[in-house]
Amino acid sequence: MKHNFKNLKIWILSMEITSDIHKITLEFPKNEIYGLVSQMNRAAVSMPSNIAEGSNRGNTHFIHFINISLGSSFELQTQLLIAFQNRYITDEKTIEIENKIIEFQKMTTGFISKLEV
């Protein structure tokens with residue numbers, strides 16, 4: 001079964017997270033441009049990109065791409081906490097974005113379960 005990725009709630013939420021990450025990393029120290037900023041932006045972009053890439057494939061392959069997206073979300077969550085630990089972002093912003101990431105992880109896990117049936 002093929003999916004229109006633009007209609008998937010997990011893709012829409014991952015696009016929102018990606019936008020949030022791009023905005024907050026603009027404020028990071030310049031010495032992090034090739035380090036944490038680059039890693040966070042790549043992990044964030046990987047989330048919706050893998051959903052889109054897999055959406056035109058059969059469910060077995062689609063699940064594989066969704067799992068890559070899910071893995072990127074855990075990577076991003078860790079990087080977000082590192083950014084907070086280094087005081088690059090506020091507690092409030094960390095909680096706000098981390099909650100979105102956790103919601104994405106829950107939704108994605110549920111979506112995978114439905115595809116596996």
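**View 1. The largest nonpolar core.** A nonpolar core is a set of buried Ala, Val, Leu, Ile, Met, Phe, Trp, Tyr and Cys residues joined through side-chain atoms within 4.5 Å. In this predicted model, the largest such core has 29 residues. Seven names stand out for touching the most other members: Ile17, Ile21, Ile24, Phe28, Met40, Leu76 and Leu80. Four helices, α1 (9–25), α2 (36–54), α3 and α4 (91–116), each supply at least two residues of the core.

**View 2. Ile24 and its contacts.** Leaving aside residues up to four places away in sequence, Ile24 touches Met40, Leu80, Ile89, Lys93 and Ile97. Among these partners, Lys93 is partly exposed, because its relative accessible area is 30%.

**View 3. Helix α3 and the residue after it.** Helix α3 covers residues 59–85, 27 residues in total. At 1.5 Å a residue, the helix should span 39 Å, and its end C-alpha atoms are indeed 39 Å apart. Arg87 follows α3 and has a positive phi, near 65°.

**View 4. Phe5 against Trp11.** The model holds 3 aromatic pairs. In one of them, the ring centres of Phe5 and Trp11 lie 5.2 Å apart. Their planes meet at 70°, so this pair is edge-to-face. Phe5 is partly exposed at 24% relative accessibility. Trp11 is buried, at 15%.

**View 5. Phe28 against Tyr88.** Here the ring centres are 5.2 Å apart and the planes stand at 45°, so the pair of Phe28 and Tyr88 is tilted. Phe28 sits in the loop between α1 and α2, and Tyr88 in the loop between α3 and α4. The pair therefore ties together parts 60 residues apart in sequence. Phe28 is buried, with 3% relative accessibility. Tyr88 is partly exposed, with 21%.

**View 6. Lys100 and two acidic partners.** The whole structure has 4 salt bridges. Glu16 and Lys100 form one of them, at 2.7 Å from N to O. Glu16 belongs to helix α1 and Lys100 to helix α4, so the bridge ties together parts 84 residues apart in sequence. Lys100 also bridges to Asp20, with the closest N and O atoms 2.6 Å apart. Asp20 lies in α1, so this pair joins parts 80 residues apart in sequence. Glu16, Asp20 and Lys100 are thus linked in a network of salt bridges. Both Lys100 and Asp20 are buried, whereas Glu16 is partly exposed at 36% relative accessible area.

**View 7. A salt bridge within α4.** Glu96 and Lys93 meet in a salt bridge of 3.4 Å, N to O. Both residues lie in helix α4, 3 residues apart, about one turn of the helix. An α-helix has 3.6 residues a turn, so residues three or four places apart point the same way. Glu96 is partly exposed, with a relative accessible area of 36%.

How values were computed. Residues are numbered from 1 along each chain as its sequence is written. Side-chain values use heavy atoms; hydrogens and water are left out. The expected span of a helix is 1.5 Å times one less than its number of residues. Buried means under 20% relative accessible area, exposed over 50%, partly exposed in between (1.4 Å probe, protein chains only). Contact means heavy atoms within 4.5 Å. Rings of Phe, Tyr and Trp (its six-membered ring) pair if their centres lie within 6.5 Å; planes under 30 degrees apart count as stacked, over 60 as edge-to-face and the rest as tilted. A salt bridge is a side-chain nitrogen of Lys or Arg within 4 Å of a carboxyl oxygen of Asp or Glu.
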